[in-house]
Amino acid sequence: MTTKVAIFGVGLIGGSLALCLKGKPGITVIGHSHRPESMTRIMERGVVDAATLSMEEAACDADFIFLCVPVGNLESYLKQLTQLPLKQGCIITDVGSTKAAVASCAQGFSHPGVHFIGGHPMAGSERSGVDAATSLLFENAFYVLTPSPEVPEEAYVRLEQLLTYTRAQIVRVEPMLHDEIVGAISHLPHIIAVALVNQVRDYNENNELYRMLAAGGFRDITRIASSDPIIWRDILLSNRDVLLSLLRDWNQEVGGFISMLEGMDGPGIEKAFEKANLFRSELPERRKGAITSLFDIYIDVPDHPGIIGQIATELGVRKINLSNIQIIESREDVPGVMRLSFRNEGEMERAKEHLQTLGYTVHM
Ligand SMILES: NC(=O)c1ccc[n+]([C@@H]2O[C@H](COP(=O)([O-])OP(=O)(O)OC[C@H]3O[C@@H](n4cnc5c(N)ncnc54)[C@H](O)[C@@H]3O)[C@@H](O)[C@H]2O)c1
Ligand SMILES: O=C(O)C(=O)C[C@]1(C(=O)O)C=C[C@@H](O)C=C1
């Protein structure tokens, strides 16, 4: 029996999901695109089994429908879908970065025998489009599902099972709570990054040295300022009330620093850094296998062609078996981080020791 998965919006997230599912036993992935140019591109990249511009063709007979379009388009896609003859038992889900708005909109559109379950993979990138898609995107990340109480447990479990191919860890959260939390840990940081870049951009108008000297700290905190404007316009507007409240709190945080500086409050500044340092060190290690028990190390590497081959050869000659190797967040002219995965602790420790003797900085 074939499971048909339809993906509407085959960009970064839709394309990555497609790559996780395509080729898996009994699964056929069909991509829907709203523009002929992107349809050609998704076929060229080979992320789906078939692609179509027709909503009906993509949706008809689908067992699962993933809406991977900007948040501002979700309502219109849902509306159009519910007017189509969908398969009994079909599960419609989305990947939007806010959950309350789509949940309330889904309440309004009923389709007998079809269930809507909101979703949000907590993984992404500042890049967008199908060219940035990768099957590894969700590995070990959290994947939030926000089913309403009416969704039968059987449907929830079916979606959860399909999502095991992403290798993400599923968590169930109420839509509004999701928006409050994700507002603070994702949406507010995007606003801060953009505001900071624009502040420095203004100073740079009068002095190019700002741009020239911008180094690690500025780049680390502002990577996400390069995110897609349309995607983020929609996210921020959709989580407006939460963000207004978070921004007021943020003003207080900023005000705290103003007071400490005005009052030459050294101990206060120290305490702020200590508190932040402690909380940050307790964040779950995003890249470490919560599900798989991979043994990973991270090394800083120069971003130049051939570096993967070089490291693999170094380990190969010492008969240290790698199970995976990946460059993470590789950016122009700054060191990239390479993740090396091993099947057991022994191999990992030997690799760590050897790479350190070669002068690499190794992080666990
Ligand atoms: N970027 C991230 O880090 C991230 C992470 C998790 C979830 N999300 C959510 O995933 C969804 C897709 O984001 P993405 O990063 O994959 O974006 P993307 O730009 O890479 O992909 C969006 C896709 O939607 C298609 N699309 C269909 N109708 C459209 C329309 N009317 N206007 C614009 N595009 C349209 C585009 O062609 C494209 O294929 C968004 O809802 C976003 O909130 C994003
Ligand atoms: O890593 C990034 O670039 C992201 O922006 C990913 C990120 C995040 O803020 O953590 C962005 C939006 C999502 O909805 C989920 C994840």
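Start at ligand 2. In this predicted model, ligand 2 is surrounded by Ser 97, Met 122, Ala 123, Gly 124, Ser 125, Glu 126, Ser 186, Ile 224 and Ser 227. By type, this shell splits into three nonpolar residues, five polar and one charged. Where does ligand 2 lie with respect to domain 1 and domain 2? Domain 1 covers 3-173 and domain 2 covers 177-257. Both give residues to the shell around ligand 2, so ligand 2 lies between them.

Now turn to ligand 1. Its shell holds 27 residues. The closest are Gly 9, Gly 11, Ser 97, Gly 124 and Ser 128. Which elements give two or more residues to this shell? They are α1 (12-21), β6 (115-121) and α10 (229-238). The shell around ligand 1 also draws on two domains, with at least three residues from each of domain 1 and domain 2. Its residues divide into twelve nonpolar, 14 polar and one charged. Two names appear for both ligands: Ser 97 and Gly 124 are among the closest residues to ligand 1, and both also belong to the shell of ligand 2.

Next, look at the sheet. Eight strands form an open sheet, and their pairing is mixed. Read across the sheet, the order is β3-β2-β1-β4-β5-β6-β7-β8. Which strands stand at the edges? They are β3 (50-52) and β8 (169-172). Each has a single partner strand, so one side of each has no neighbour in the sheet. From one strand to the next, the twist averages 25°. β6, which gives residues to the shell around ligand 1, is one of the strands in this sheet.

Follow the sheet to its β8 edge. Here β7 (residues 142-147) pairs with β8 in the parallel sense, over four bridges. One residue pair shows the match: Leu 145 has Arg 172 in β8 as its bridge partner.

A helix also meets this sheet. Helix α4 (residues 74-82) lies across β1 (3-8), β4 (64-67) and β5 (91-94). Against β4, helix α4 runs at about 155°.

Finish at Met 264. This residue sits in the loop between α11 (240-262) and α12 (266-281). Is Met 264 buried or exposed? A residue counts as exposed if 12 or fewer other C-beta atoms lie within 10 Å of its own. Met 264 has 8 within that distance, so it is exposed. Compare its place with that of His 120. Along the chain, Met 264 and His 120 are 144 residues apart. In space, 44 Å separates their C-alpha atoms.

Methods:
Residues numbered from 1 in each chain as written. Chains lettered and ligands numbered in written order. Predicted model: local features only at pLDDT ≥ 70, side-chain atom pairs only at ≥ 80, totals over all residues. Near = placed C-beta within 6 Å. Nonpolar A, V, L, I, M, F, W, Y, C, P; charged D, E, K, R; others polar. Domains from an automatic or database assignment. Pairing = 2+ DSSP bridges. Axes fitted to C-alpha atoms, helices over the stretch in contact; angles between N-to-C directions. Contact = placed C-beta atoms within 7 Å. Buried ≥ 20, exposed ≤ 12 C-beta atoms within 10 Å, placed from the backbone.
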